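This report concerns a predicted model. Its topics are an interior core, a buried position and a surface patch.

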Amino acid sequence: MEPKIRRMTNKYSAVAAVTSFITQPIPGADELIVVPIHYHFAVSLTRHRGVPLLAAPWLQVSKIIWGGAAVRLFANFTLGLVPVAGLFSNAITAVALTELLARYLDGALSTPASPPAVSVRTIRDAVEGPLRRGELRGVWSGIRRVLRRTAPVSAPAG
């Protein structure tokens, strides 16, 4: 993945994570808000690669986005019942889904061959795997850099 796409992925991962973290107490609200964020990310990544929008594998992208939303909703009903764990698991699964979307779309747009099909098992493993293994440390450091760059700088008082 080229550096510009990595930065774009980190930016959208941060937006999805913060949105999921904040809206977690309302069941299903985060999925309804994160789905358009993921579609916007897919359009942005497709445009960045210079591929016409109609040439992108939208059926597979939609499977990732909506299948991921369903898996995240299920995870929200299981882990969401634990007050603090629900907040963080929601954010982590949003980041994992954004990562899966970025890797799939980047790979699909970089080769002329038809993209591979996405299964529910692929989505489930991508969303639930980081929760089990404690992954995404490198992604979180990239997200922190994005948040630091976009945070307003306050003028010194005095």
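The sections below treat the basis of the model, the core, one helix position and the surface patch.

## Basis

The model is predicted: local features need pLDDT of at least 70, side-chain atom pairs count only at pLDDT 80 or more, and totals for chains, interfaces and linings use all residues. Residues are numbered from 1 along each chain as its sequence is written, and side-chain values use heavy atoms, with hydrogens and water left out.

## Nonpolar core

The largest nonpolar core (buried Ala, Val, Leu, Ile, Met, Phe, Trp, Tyr and Cys residues joined through side-chain atoms within 4.5 Å) has 26 residues, of which F41, L45 and I64 touch the most other members. At least two core residues come from each of helix 1, helix 2 (29-48), helix 3 (58-79), helix 4 (83-110) and helix 5 (120-133); helices are DSSP runs of H or I, at least four residues, numbered from the N terminus. Helix 4 contributes the most, 8 residues.

Not counting residues up to four places away in sequence, I64 is in contact (heavy atoms within 4.5 Å) with L97, L100, L101, Y104, V118 and I123.

## Position T9

T9 belongs to helix 1 (residues 3-23). Its relative accessible area is 0%, so T9 is buried (under 20%; exposed is over 50%, partly exposed in between, with a 1.4 Å probe and protein chains only). Beyond four places in sequence, T9 touches M1, F41, T98, E99 and A102.

## Partly exposed V18

V18 also lies in helix 1. V18 counts as partly exposed because its relative accessibility is 41%.
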